[in-house]
Structures are given as C-alpha cells and as structure tokens.
Amino acid sequence: MITAVICAAGRGERAGFAENKILREHNGLSVLARSLCAFAQCEEIGEILVACRDEDRAQIERILRPYPFARTVRGGAFRTDSVYAALCEAQGEIVLVHDGARPFVTTDIIRGCIASVKEYGSGVCAVAASDTVALAENGCIASVPARQTVYAVQTPQGFSTKQLLQAYERAYAEGKANEFTDESGIYARYIAPPRLCGGARENKKLTYPEDFSFAERTGFGADTHAFYTEDEGAPLVNFITLGGIKVPSEKILKAHSDGDVLLHALMDALLTGAGLRDIGYYFPDTDPAYRGADSADLLGTVMRLLAEQGLAPANASISILAETPRLAPYIERMKENVAQLLRLSPSFVGIAAGTNEKLGYIGEKKGITVYATVLLKKC
C-alpha cells in the first residue's frame, strides 16, 4: 500500500488571507479538494493523511467525507513537524508527501513519482529551470550555476516510508529538523541523493493573492438570424456580413444592426464567459443608435468591457450552420479578421461552416445559426 501525506497546516500568511489558503476556492472547488481528487484516482494509494491545524480540522474533515481512506493527523508549527506526525501513523510502505497548496497535480505526475520510488528508491518531482539562476551574496551575483543543472523542485516527493522516517528521526536527534524546507533535503542529508522525476510547470504552488484568481473561464454564445422572404422587401444589397467579411448572397439577413450573426454569437460567448449580460442588454435592438451598427465596433466595446474585468480571450472556436450562401472561400478571411478583432494570432481562432442536411429552418434556407465558444484568461 502507498500512503499520501498532504501538508495542510499552513496559515496562508503570504497570501494575506484570514483563513488557511487550502480551504479557499479556486475555480469553484477548494484547493485541498483538487489535490485530494488527483490522489484518490490513483488506485495504488490506499491511505491519505492530511496534516492540519486543530482549528481547521472540522472543515477539512467535511472535505474528506467522500474519501473513506482519508483522515486527518495533527499538524505542527513547521512543515517537518507535520510530515513527521503523519509518518508516525503511515501504514504504507511507500509515502508520497505533497503540498496542499499545489492543486494542479495530476494522476500522471503521481504515478510517475510512484514508479520512480519503486525503481530507484525515491522520486522528487521537478522541472528544469527555464531562466538563468544566480546565487547571491550581499545583494550581488556571486555565481551562476549552469542552467542545465538547475531544477525547480515540486511535490509530490516519494520515498520508502521506513527510510524517510529514519531520516526524520536523525534530523530531530541532531536538532536540525526544522532547517529543511522539504523531504528531499532531509533524505539527501541522511539517506542518499534523491532521484528526480517528472513534474510539470502547471503543478505550481499557490502562494500569493494573485495565484488564487481563476485560471481560465469558458464562454458559449449562439445567435440566429432569419433571411428576408421575397415579399418582405429586403435591402438592396447582394451580400451578408459574417465575421466582418462581406459574403456574396442572394438572400439577405434580417437585423437591426449589420446582421453579423457570427460576431453576435462571439460577443455573447465573451460576455457570458465573463459573467456579464448578453448583447441584447448592452446593444438593445430598440435603440436607434444601433440601427445598422457595425458589429466589429460593438465587439470593440465588448473587448473593453472584458478588459475592465481583467480578462482577455485566449482562443475562439466558431461553427456556422448555413445552407446558403457558400462560405468555404471566405473562411480564412473571416478567421484572420476575427483574430485581429480579438487581438489573437489566427492560429488561436477556428471557424467551421456546415449545412444542416436540408433539415429545419437552416436546411430550408430560412436563416443562419452560429455557435461560438471562447476561453478567457486573466490579462
């Protein structure tokens, strides 16, 4: 059996919170619950011990209810105290120690750590440094180690439970236990050089207030415009506008603005993804100011609304359902124009067009429907 120890006895002081940061929500789920989910999905893990403070125990035990093999242990003032308390109760032959504030750990990372322990006796998740790292003295660079030798150490860190416990006992006996920042340091001092295994840049530790902002949001929008019928007196034009591009068409779309059904669906995706109202709220068709309005200008307003929320689109995926007109020759131009309006590379915008197999109002050439999804990020 393998035991996972999750360190959750911190106070979140660097994040400036009044509560333990692992109890805060991140994208709708507590930080601790995210870590628990990843470890619970690894079939080899038969025990999860969460080291926590007494004042957090009741709340953490509520989070643990879905996991019958998870329980709390009393944490200490230092990380080493918390881990040592858990090691004294661990039943597994292998132990993985994980920071509770690393909620983006994946089952692949955990399984890789376990495999490393089985093959080499230890496994410390890490990623190679992408920046030059300097060692400093008195505020000046003293030396610069070769970048290919520098790694950022993460968790989980896996070891033989017996060996790690022996290392801790020796550290306590020498009065040095709290000099170490993680298990790899104690293991290296008293047992052997620990083996590195694959971490991930996404497996970051949440430390500061800005780390707790949502990572990303998705938005979905849909819009439909009908074609004028022969007896409705369509405007005397021979095109429709899609994605800001004029597409030749015998049928003309009904609209209060320019009828760009693609940009309208896209705007709804952006707005609702940001938790805002729909385009009808911001640009009502009862307002004469928007009669014949250029939808690209309206999209510019939407982009400003997003920026006020600290958001920007990361990509967009758009699907057009239309029996007429023929759209294939214009897709690339639409894609390039939409990318420019969203301030993205064209490679981050996808536009597909298809018919409705002659079914329904689309198949009967009575209108066009567009669906749009977007990913929003902090800017």
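**Charged pairs, cores and strands**

Glu364 is partly exposed, for its relative accessible area is 46%. This value, like the others in this account, is computed from a predicted model. The side chain of Glu364 meets that of Lys366 in a salt bridge, with a distance of 3.0 Å from N to O. Lys366 is also partly exposed, because its relative accessible area of 48% falls between the limits of 20% for buried and 50% for exposed. Elsewhere, Arg79, Asp99, Arg102 and Glu183 are joined into one network by salt bridges that share partners.

The principle behind such pairs is simple. Side chains of opposite charge can pair when their charged atoms come close. How many salt bridges does the structure hold? There are 15 in the structure. One of them joins Lys176 to Glu174, where the closest N and O atoms are 4.0 Å apart. Lys176 has a relative accessibility of 29% and therefore counts as partly exposed. Glu174, at 42%, is likewise in the partly exposed class.

A further salt bridge is formed by Glu232 and Lys254, whose closest N and O atoms are 2.8 Å apart. Which parts of the chain does this pair link? Glu232 belongs to the loop between β12 and β13, while Lys254 belongs to the loop between β14 and α7; these are distant parts of the chain, and the two residues are 22 residues apart. Glu232 is partly exposed at 37% relative accessibility, and Lys254 is partly exposed with a relative accessible area of 30%.

Lys254 leads to another residue, His225, since Lys254 is among the residues that His225 touches. His225 lies in strand β12, which covers residues 217-226. Is His225 buried or exposed? Its relative accessibility is 10%, and because the limit for a buried residue is under 20%, His225 counts as buried. Two polar contacts involve the side chain of His225. One, of 3.0 Å, joins this side chain to that of Asp223; another, of 3.2 Å, is made with the side chain of His264. When residues up to four places away in sequence are not counted, His225 touches Leu253, Lys254, Ala255, Gly259, Val261, His264, Gly367 and Ile368.

The account now turns to the interior. The largest nonpolar core has 46 residues, and within this core the residues with the most contacts are Leu262, Leu266 and Met334. Several elements of the chain give two or more residues to this core: the strands β13 (239-242), β14 (245-248), β15 (311-321), β16 (349-354) and β17 (367-378), together with the helices α7 (261-273), α9 (295-308) and α10 (331-342). Which element gives the most? The greatest contribution is that of α7, with 9 residues. The surroundings of Met334 show how parts of the chain meet here. Leaving aside neighbours within four places in sequence, Met334 is in contact with Leu242, Gly243, Ile245, Val247, Leu262, Ile320, Leu327 and Ile351. Apart from this core lies another, of 35 residues, which includes Ile6, Leu64, Tyr67 and Ile114.

Strand β17 also holds Leu376. With a relative accessible area of 0%, Leu376 is buried. Beyond its neighbours within four places in sequence, Leu376 is in contact with Glu216, Arg217, Leu270, Gly273, Ala274, Leu306, Leu311, Ala312, Pro313 and Ala314. How do position in sequence and position in space compare for Leu376 and Asp278? These two residues are 98 residues apart in sequence, and their C-alpha atoms are 16 Å apart in space.

The final stop is the surface. Tyr151, Val153 and Leu196 make a nonpolar surface patch of about 250 Å². Val153 lies in strand β10, which covers residues 151-160. Val153 has a relative accessible area of 37% and is therefore partly exposed. Ala142 is found in strand β9, residues 140-143. Ala142 is partly exposed as well, with a relative accessible area of 44%. Not counting residues up to four places away in sequence, Ala142 touches Leu135, Ala136 and Glu137.

Conventions:
Residues are numbered from 1 along each chain as its sequence is written. This is a predicted model: local features need pLDDT of at least 70, side-chain atom pairs count only at pLDDT 80 or more; totals for chains, interfaces and linings use all residues. Side-chain values use heavy atoms; hydrogens and water are left out. Patches are made of residues with over 30% relative accessible area and no salt bridge: like charges are joined within 9 Å, nonpolar side chains (Val, Leu, Ile, Met, Phe, Trp, Tyr) within 5 Å. Accessible areas come from the Shrake-Rupley method with a 1.4 Å probe; for residues, only the protein chains shown count as cover. Helices (H or I, at least four residues) and strands (E, at least two) are DSSP runs, numbered from the N terminus. Buried means under 20% relative accessible area, exposed over 50%, partly exposed in between (1.4 Å probe, protein chains only). A nonpolar core is a set of buried Ala, Val, Leu, Ile, Met, Phe, Trp, Tyr and Cys residues joined through side-chain atoms within 4.5 Å. Contact means heavy atoms within 4.5 Å. A polar contact is a pair of N or O atoms within 3.5 Å; within protein, one must be able to donate a hydrogen and the other to accept it, and residues adjacent in sequence count only if both atoms are side-chain atoms.
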